[in-house]
Amino acid sequence: VNDTAWQTLTIENRGIQPLTISAVGSVNGSSGVGQVLPAVIPAMGRTDFDVYAYPTELGPFSDTLRILSNDPVKPEVKLPVAADVQNIFVIVDNEDSLNYSEYGSWFYSNAQAYGPTSRYAPLGNGAYATFTFSLETGGIYDIYEIVPTTQNAANNAHYRISAGGMLLDSLYVDQNAGSGEWVQLGQYTLPANVPVEVKVIDVGGNTQGVVLRADAIKFALVEEIIGIEDDEWLTLPQQFEFEQNYPNPFNATTHFRYALARPENVSLQVFNGLGQLVATVVNERQSPGRYDINWQADAFASGVYFARFQAGAFIKTRKLMLLK
């Protein structure tokens, strides 16, 4: 959604005279071709055109291209354009040399699930494969993996999910379960413009099967985190709350949300991994209500931090991850 999809359209001229494509328009104005027109296709020749579609709403998308030419029999051809418009997603395939890498002895498989190929490594040799991508949009993402339909893959493949070199999750996956389909690894808050890494690892003796497989990883946006619009934040809270900061992990800027059920002296402090106080975000008496506080961390190094919130007798600590 709100992105441009491209597809190649090949037009053949099977006549003995040159064919001139004078214009290409669309019924809804949401598709067209990228070439400058008019374009001349020689006799018995062909030309590729770059067709684009720009959908602005989720769900089924349809338009009709009107191709106008000097063809004496059929000067106008109508071509349907259709798409299934989804929220933002990115797929990293094993064929993507810029975002996929391997360690150990890997081989091409005769089976595939996504793209033309997939990879496998014999178990017991400590092999691993890494999928890496920097997302343009920060938010909450579902991360999926896919391998070919299989019964001989690792039943205890180790997946490690990191952002900016910091571990977000570590889990074990039976690659045979749900093979051939996208299998969800989990849901994570991922920052924009920070390398996110999914590594699949042969952990050795506690894994049954013959091979470790790698094919593709999918990052699917669930919710873009851009601000606060929840209706609950417009009502007076009935209890004290201190939510997880968002985004988390974050790159330089994050938000703290908390609620006060009655007037209290509020303290919000940030400590580094050694327990040293590095920032006092709030230190004042505040009225009942809901608060959203922005914290700029440009001056701090990447790492794990802890936010300690206190309002009267209510105390809560959250773990933060700063990635640059």
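This briefing describes two pockets and two loop residues of the structure shown above. The structure is a predicted model, and the values given here were computed from it. The largest pocket has a volume of about 780 Å³, while the second largest pocket has a volume of about 360 Å³. The two loop residues are asparagine 94, which sits between β8 and β9, and leucine 123, which sits between β11 and β12.

**The largest pocket**

- The lining of the largest pocket, whose volume is about 780 Å³, is made up of 33 residues, and those that lie nearest the centre are Asp3, Thr4, Ala5, Trp6 and Pro55.
- Two or more lining residues are given by each of the strands β1 (5-12), β5 (46-53), β7 (76-85), β8 (89-93) and β12 (128-134).
- Among the contributing elements, β7 provides the largest share of this lining, with seven residues.
- Sorted by class, the residues around the largest pocket comprise 22 that are nonpolar, eight that are polar and three that are charged.

**The second largest pocket**

- The second largest pocket, with a volume of about 360 Å³, is lined by 19 residues, and Ile11, Glu12, Leu19, Ser69 and Asp71 are the closest to its centre.
- The elements that supply two or more residues to this lining are β1, β2 (19-26), β6 (59-69) and β7.
- Here the largest share, four residues, belongs to β1.
- The class make-up of the second lining is nine nonpolar, six polar and four charged residues.

**Asparagine 94**

- Asparagine 94 belongs to the loop that runs between β8 and β9 (100-103).
- Because its relative accessibility is 8%, and buried means under 20%, asparagine 94 counts as buried.
- When residues up to four places away in sequence are not counted, asparagine 94 touches Tyr100, Tyr108, Thr117, Ser118, Arg119, Phe131, Ala214 and Asp215.

**Leucine 123**

- Leucine 123 is placed in the loop between β11 (119-122) and β12.
- Although leucine 123 and valine 210 are 87 residues apart in sequence, their C-alpha atoms are 5.8 Å apart in space.
- Val210 is also one of the residues in contact with leucine 123 once neighbours within four places in sequence are left aside, and the others are Ala154, Asp202, Thr207, Gln208, Gly209, Val211 and Leu212.

How values were computed: Residues numbered from 1 in each chain as written. Predicted model: local features only at pLDDT ≥ 70, side-chain atom pairs only at ≥ 80, totals over all residues. Heavy atoms only, no water. 1 Å grid on protein atoms, 1.4 Å probe; cavity = no way out; pocket = protein on both sides within 12 Å on 5 of 7 lines; lining within 4 Å. Points joined across faces, edges and corners; volume = space filled by probe spheres on them. Nonpolar A, V, L, I, M, F, W, Y, C, P; charged D, E, K, R; others polar. Buried < 20%, exposed > 50% of the residue type's maximum accessible area, 1.4 Å probe, protein only. Contact = heavy atoms within 4.5 Å.
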